[in-house]
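User: Please take a close look at a single part of this structure and describe how its pieces fit together. I would like one connected account, with the terms explained as you go.

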Amino acid sequence: MHYGGSVGYIGLNDRGEGVFDLELYIYPKFRRRGYAAEAVEVLLDAAFHEKLQRGAAADQAVVVKKVIASVRAENEAIVALIEKAGFLANESDAYIPLDFSEYRLDQPLQMRDYYITGRRFDQVVAKQKYVYAVMHAYYSEWTLYGYFSTEKEARQYCRTHSDRDLHIEKLRCMDHCQSFVSLEEVQVLYRYTVVFRHTEEGWDMLRDDMQVISGEQAEGHLLYLASSVIIRVCVEQSVCGWKIAEKTAQDLLYQYLESCDNQPSEETVERFNERR
């Protein structure tokens with residue numbers, strides 16, 4: 001609220017069956033001050049976590065299962081606001097004006113429903129052989145958010161956390177699988193490719209590519225002569241990190257240049273790789 005009076009209004013219009021339309025308006029002179037975002041946050045928190053009353057009677061409490069927001073597609077500010085609040089694009093057969101877009105926010109799962117306990121995990125695996133893991137991937141780093149007994153629960157969790165790039169992995173019990181390989185036996189390596197370009201001032205270094213490979217795919221450190229002024233160095237290491245790879249690549253380059261008297265050629269590159 002603004003101390004001089006109202007800055008606008010916000011509310012929920014009941015469609016029935018737990019579905020509500022979000023109504024929001026901020027007076028022009030109070031816009032771009034954060035009032036809208038604060039109002040939406042407070043309203044949604046109350047709608048999903050408190051019993052709302054329809055009228056004055058206590059026995060008319062309603063449960064909010066879903067909130068719908070219809071906004072002008074060209075209003076980038078309000079679209080960004082509701083997306084930040086967790087709303088997702090809604091697919092609906094209802095009539096929507098051409099210049100409007102409809103978004104929805106489902107009732108969040110309660111925290112107790114998010115994860116399977118160890119005992120429940122064993123029961124689910126014993127019964128259906130599958131569980132669903134929700135994970136977040138950033139290059140080779142994976143963060144596990146939890147296990148779910150059904151794919152529907154896993155997808156609902158992802159929808160209620162739309163601000164994160166989450167993935168669902170179907171996990172199978174491997175206890176009786178003949179081809180099962182212990183994770184302790186799996187070797188993971190990181191293959192970095194560093195490019196060196198010769199200039200009047202020396203060799204400039206550029207980062208090119210990084211791949212995650214298994215131990216069976218390992219080839220060792222290798223040099224490739226792309227041209228008389230460009231040398232590519234592939235470095236394989238068990239630690240994820242560009243700095244270590246760049247230092248190793250520099251050492252390999254200088255060792256090679258010393259061995260060939262600073263006269264790069266395919267023949268000397270081949271001999272250098274063979275010695276390694």
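Analyst: Strands β13 and β14 pair in the antiparallel sense over five bridges, where pairing requires that DSSP finds at least two bridges between two strands. Strands here are DSSP runs of E with at least two residues, and helices are runs of H or I with at least four, both numbered from the N terminus. The model is a predicted one, in which local features need pLDDT of at least 70 and side-chain atom pairs count only at pLDDT 80 or more, while totals for chains, interfaces and linings use all residues. Residue numbers start from 1 along each chain as its sequence is written, and side-chain values use heavy atoms, with hydrogens and water left out.

The link between β13 and β14 is a hairpin that passes through two residues, and within this pairing Y224 has R232 of β14 as its bridge partner. On another pairing of β14, strand β11 (residues 188–199) runs antiparallel to β14 (residues 230–237) over eight bridges. Two of the bridge partners can be named: R197 is matched with I230 of β14, and Y192 is matched with V235 of β14.

These strands belong to an open sheet of four, in the order β12-β11-β14-β13, with antiparallel pairing. Its edges are β12 (202–214) and β13 (222–227), each of which pairs on one side only. On average, neighbouring strands of this sheet are turned by 20° against each other, with direction ignored; for such angles, axes are lines fitted to C-alpha atoms, for helices over the stretch in contact, and values run from 0 to 180 degrees between N-to-C directions.

How enclosed is β14 by the rest of the structure? Seven of its eight residues are buried, so β14 is largely enclosed. Here buried means under 20% relative accessible area and exposed means over 50%, with partly exposed in between, for a 1.4 Å probe and protein chains only. C234 is one buried residue, with a relative accessible area of 14%. In a different stretch of the sequence, C158 also counts as buried, at 16% relative accessibility. A search of the whole structure finds zero disulfides, a disulfide being a pair of cysteine sulfur atoms within 2.5 Å.

Helix α5 (residues 242–259) lies across β11, β12, β13 and β14, and runs at about 130° to β14. Contact, in this account, means heavy atoms within 4.5 Å.

Helix α6 (residues 266–275) has T268, V269, F272 and N273 among its buried positions. These four cover an arc of only 135° around the axis, which puts them on the same side of α6; the arc is that of the directions from the helix axis to the C-beta atoms. As background, an α-helix has 3.6 residues a turn, so residues three or four places apart point the same way. The buried residues of α6 pack against β13 and α5, whereas the face turned away from that buried side carries the exposed residues E266, E267, E274 and R275.

For context, the wider chain also holds a largest nonpolar core of 23 residues, in which L44, V67, I82 and F87 touch the most other members. A nonpolar core is a set of buried Ala, Val, Leu, Ile, Met, Phe, Trp, Tyr and Cys residues joined through side-chain atoms within 4.5 Å. The elements that give two or more residues to this largest core are β2, α1 (35–49), β5, α2 (76–84) and β7 (100–106). Helix α1 gives the most to this core, with six residues. Apart from this core lies another, of 14 residues, which includes V194, I231, A249 and L253. By position, V194 falls within the range of β11, I231 within that of β14, and A249 and L253 within that of α5. In soluble globular proteins, nonpolar side chains tend to be buried together.

Taken as a whole, the protein chain comes to six helices and 14 strands, and 30% of its 276 residues count as buried. Of the contacts in the chain with a separation of 6 or more, 54% are made by residues 24 or more positions apart.
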